[in-house]
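Let's take a walk through a protein and the DNA strand beside it. Have the picture open as you read, and go back to it whenever a residue is named.

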Amino acid sequence: MTNPEVVAILERIGDLLEIKGESRFKVIAYRKAAEQVRDLGRDLAAVHREGGLDAIPGFGAAIAAKVAELLDTGSLGYYTKLIEEIPASLAELLRVPDMGPKKVKLLWEQLGVVDLPGLAAAAAAGRLRDLPGMGEKSEARVLAGIQAMATRSDRAPLGDALPVAEAIAADLRALPGVVAVEPAGSLRRRKETVGDLDILAAAVDAAPVIQAFVSRPDVGRILGQGPVKASVELVTGMRAQLWVHPPAHFGSALLYATGSKDHNVALREFALAQGLSLSEHGLKRLADGEEIRFATETALYAALGLPFIAPELREGRGEVAAARAGRLPRLVESSDVVSTLHNHSDWSDGKATILEMAEAAIARGLKVLAITDHSGGLGITQGPKEKDLPRQREAVRAAQVRLGDRIRLLQGSEVEIRADGSLDFSDAALAQLDIVVASMHVSLRQSRDQVTARMLAAIHNPHVDIIGHPTGRMIPDRARADLDLDAVLAAAATTGVALEINANPRRLDLSDVLARRALEAGCLLSINTDAHQPDHFDFLHFGVAVARRAGAEPERIINCWTPERLLAWLADRGRP
DNA sequence: GCCGTTTTCGGCCCGACTGTTTTCAGTCG
């Protein structure tokens, strides 16, 4: 039984218990456990073999026993009994917008509706409007919701969502009376995919801002509109919502809108323990009802006795406790990154010359640029063959002469890890290069044993310095290779090979979860844009965001080292 | 069902919006 299968069952149990009307805290417990497994970054079965299930946060005696049963036997008696009592298909009804557990239960008990087609039929036949608490509008909403489900786009990649949100924010900022606008939500936390766009504005008079938002030409329909918030569906299918708060509240409002929900809950509980009630409007002292407002998040955290917690860490994974204990990491920032070590030029599938790439890197303040064109064996990119490397070395040297000391160029390669586990260049050729990134682009669907053996062979090759986009996943639709990550991370940690966080928003590989695990395993990381043209260097912040979500400090990221230290590290690894 | 700087039992966030209601329940974030 795989992690996603366990997640699905835990979530399903939570859904069914909610419909059944069980204690909401029990429901939350199952959902939290599911969330933990989703973000575990490890094979749950392996954790179970080590006897570590009950060490997972949110796993108590009851859930640990149930998950153990699932992993051991492939089934769960508790779940089997549950779905005899409540049709499992009812859970899918919760996905319909505006359908919650109470309505699902009502429909099931009163009309015998058990699945989506049944719901659609009942709504179309006009049988919903006579149920208690429902009417014609509710019925129409259900029908519209089912239709929206069919067409509604899934979570959007961060790289697609960010420009849309920033465009909306820029338009709102230009309105008279608007003091500030910030994209918030999962976007501000830099999750790799984003559901809805959450945008927060500060203005004394909310009405004109709300009106401007819902009147945008790219709005397909208005989903809701009130005096302080509105939500819309854009013509692209993406959803966006806007809150407008007075500037004096902006700190607490931004905190609220940024989330995550779990972070907010943890913070509100922490506030309550101090006799303070926290909402988007600020803090309220329970003793005397006095309200305290905050124009900035920093001031609000300070009032709770906490340092500022970076949005990327606000996932409800213990960051509030860490902040309280003074154990927050000094997170890497884009300005810490001085080297870019995986980049392409027109020597393979890049769109620019070495010199053009160097000028672009200099313009962004970088001090070291490695040109790592694809090895010729990856035919489609027309990269240099082994015999071409000396000629490319001359080209890099010539460019270096032109550039002087404005930037340090390295001649490297993104050498292909072939399907049989060998590398595309001989050891002798690799030994002549300044830096070597080894990556897989082919045969990613091999068996776990095969693909892991290939990766381990590359990591153990003494001429390899970095593993590029280690898992091969693409956002949103290509799953990662089926690697034994425990083995890969252990090998990288012992050999000192750095694992890449590829900053291309379609890759973000390693992911935040795996990068965190790599750090725990003792690995070095390398954030690279994998630039194929000059403006790709602007992807850097995406990679930095992944590292920040992983809790990475600059010390563990080789791109943050001074050029001298980086070159010394390469020399230690046997570089010329 | 989980969890602990107040608790091993009794807690477990807070408010906006909608639709159906004459004061609230359900849903959402």
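Start with the DNA. There are 48 residues around DNA strand B, and G60, D98, G100, G135 and R268 come nearest. Here a residue counts as near a molecule or strand if one of its heavy atoms lies within 4 Å of it. Before we go on, keep in mind that this is a predicted model, where local features need pLDDT of at least 70 and side-chain atom pairs count only at pLDDT 80 or more, while totals for chains, interfaces and linings use all residues. Residues are numbered from 1 along each chain as its sequence is written, chains are lettered from A and ligands numbered from 1 in the order in which they are written, and side-chain values use heavy atoms, with hydrogens and water left out.

Which part of the DNA faces the protein? Of the atoms of strand B within 4 Å of the protein, 74% belong to sugar or phosphate, and the rest to bases. You can see this in single residues: a backbone N or O atom of G135 sits 2.9 Å from a phosphate oxygen of strand B, and K137 has a backbone N or O atom 3.4 Å from a phosphate oxygen of that strand. R141 uses its side chain instead, with a polar atom 3.0 Å from a sugar or linking oxygen of strand B.

Now look at the surface near strand B as a whole. By class, this surface has 21 nonpolar, 13 polar and 14 charged residues. (Ala, Val, Leu, Ile, Met, Phe, Trp, Tyr, Cys and Pro count as nonpolar, Asp, Glu, Lys and Arg as charged, and the others, Gly among them, as polar.) Its largest share, 5 residues, comes from α14, the helix at 261-272. Helices (H or I, at least four residues) and strands (E, at least two) are DSSP runs, numbered from the N terminus.

Stay with α14 for a moment. R268 in this helix pairs with E280 in the loop between β8 and β9, 12 residues apart. Their side chains meet in a salt bridge (3.8 Å, N to O), a term that needs a side-chain nitrogen of Lys or Arg within 4 Å of a carboxyl oxygen of Asp or Glu. A search of the whole structure turns up 43 salt bridges.

Next, zoom out. Chain A is divided into domain 1 (3-150), domain 2 (156-245), domain 3 (256-324) and domain 4 (334-572), with bounds from an automatic or database domain assignment. How do domains 2 and 3 meet? Contact, meaning heavy atoms within 4.5 Å, involves 11 residues of domain 2 and 12 residues of domain 3. The area buried between them is about 860 Å², of which carbon and sulfur atoms give 52%; buried area is the accessible area (1.4 Å probe) that two parts lose on being put together, summed over both. R188, R189 and H245 supply 67% of what domain 2 buries here, more than any other three residues. The interface also holds 2 salt bridges, and R188 forms a salt bridge with E297, the closest N and O atoms being 2.8 Å apart.

Finally, some backbone oddities. Most residues other than glycine have a negative phi, and most peptide bonds are trans. Yet a cis peptide bond joins G259 and S260, with omega about -5°, and another cis bond joins D509 and L510, with omega about 5°. H469 has a positive phi, near 20°, and lies in the loop between β15 and α21.

Technical notes: A polar contact is a pair of N or O atoms within 3.5 Å; within protein, one must be able to donate a hydrogen and the other to accept it, and residues adjacent in sequence count only if both atoms are side-chain atoms.
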